[in-house]
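Me: I am new to this structure and would like a close look at one part of it, the largest pocket. Please set that part within the whole before going into detail.

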Amino acid sequence: MIAAQVYTFYALGYEAITSTLGFLLYQLALNPVIQDKVVAEIIEMLKKHNEEITVQGILDLSYTGKVLDETLRMYPVVPNLRRKSTKIYKIPNTNLKIENGQFIRISVLGIHYDEKIYPRPEVFDPERFSLENVKARHECSYLPFGLGPGHCIAKHYAQVLSRVCLVKLLSQFQVEPSKNTPRQVEYDPIRSVLYPKGRFPLHFVKRKASY
Ligand code: HEM
């Protein structure tokens, strides 16, 4: 039982966070204005906390949080959820019926790219996650960590760890696209999580002043 739990934590946790951070850095490389805003927030936070990474400092990174949210909207590493129906359900305006006990897949990727919920879904826009915009949407319109009793056990840990990695990295390095950076992401079909196919080269340029 312990071995199974350790495997689940490793497999779900490690791949999910590295993949998410990879997609996030890719978007920051393509969107330098957004990157500058993230870096400004990180530097401000480090100054306020005597150059130390503190829990409060990490929680205060609200714009960086929005950038993470938008990354997981565009690239939900678990692109569909598995559920078992507990009652018969007729899907409105269709002839389709889900039977009691039937296994179903919920397309998180499909929901996150629904234009009625997220206009111009292919555009990376962290402001979709301003407080007002989040409040205006149904809670099921954003499912990167799933929902309900089986939702990701490590949601908050993953968010804190990702922010710590970004502080360490972006306070030292500027991330830029290279001539080989793809402008369109293709996914690797053999991975269990959403993962880019092939190489994903980015340049890391050391900042003149380190913070
Ligand atoms: C960005 C990072 C992560 C994302 C996007 C993510 C996403 C998810 C999703 C979508 C599920 C399925 C939820 C559902 O069916 O409703 C899940 C389950 C799970 N995740 Fe994560 N995860 C992340 C990081 C982690 C980390 C770091 C760990 C462990 C250290 C972890 C451990 C687990 C476990 C154990 C489950 C199964 C929970 C259960 O079945 O009760 N995840 N995760």
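What percentage of the contacts in the protein between residues at least 6 apart in sequence join residues at least 24 apart? And once that is clear, which residues line the largest pocket closest to its centre?

Reply: The model shown here is a predicted one, and the answer to your opening question is that 68% of the contacts between residues at least 6 apart in sequence join residues at least 24 apart. The protein holds 7 helices and 6 strands, and these follow one another along the sequence in the pattern α-α-α-α-β-β-β-β-α-α-α-β-β. Its C-alpha trace spans about 60 × 45 × 40 Å along the principal axes. Of the 211 residues, 38% count as buried, while the protein exposes about 13,300 Å², of which carbon and sulfur atoms supply 59%.

With that setting in mind, we can turn to the pocket itself. The largest pocket has a volume of about 790 Å³, and of the 34 residues that line it, those closest to its centre are Leu12, Val78, Cys152, Ile153 and Ala154. Helix H1 (2–30), helix H4 (62–74), strand S1 (80–84) and helix H7 (155–170) are the elements that each give two or more residues to this lining, and among the contributors H1 gives the most, with 10 residues. Sorted by character, the lining of the largest pocket comprises 20 nonpolar residues, 11 polar ones and 3 charged ones.

One of the residues closest to the centre of the pocket, Cys152, deserves a longer look. Cys152 sits in the loop between helix H6 (131–135) and H7, and the SG atom of Cys152 is the single donor that the protein offers to the iron atom of the ligand, at a distance of 2.3 Å.

For a second loop residue, outside the account of the pocket given above, consider Ser178, which is found between strand S5 (173–177) and strand S6 (202–206). Ser178 counts as buried because its relative accessibility is 11%, and the cut-off for buried is under 20%. Leaving aside residues up to four places away in sequence, Ser178 touches Arg183, Pro201 and His203.

Key: Residues numbered from 1 in each chain as written. Predicted model: local features only at pLDDT ≥ 70, side-chain atom pairs only at ≥ 80, totals over all residues. Heavy atoms only, no water. 1 Å grid on protein atoms, 1.4 Å probe; cavity = no way out; pocket = protein on both sides within 12 Å on 5 of 7 lines; lining within 4 Å. Points joined across faces, edges and corners; volume = space filled by probe spheres on them. Helix = DSSP H or I, 4+ residues; strand = E, 2+ residues; numbered from the N terminus. Nonpolar A, V, L, I, M, F, W, Y, C, P; charged D, E, K, R; others polar. Buried < 20%, exposed > 50% of the residue type's maximum accessible area, 1.4 Å probe, protein only. Contact = heavy atoms within 4.5 Å. Areas by Shrake-Rupley, 256 points an atom, 1.4 Å probe, with all protein chains shown as cover. Donors = N, O, S within 2.8 Å, 3.2 Å for Na, K, Ca; no water.
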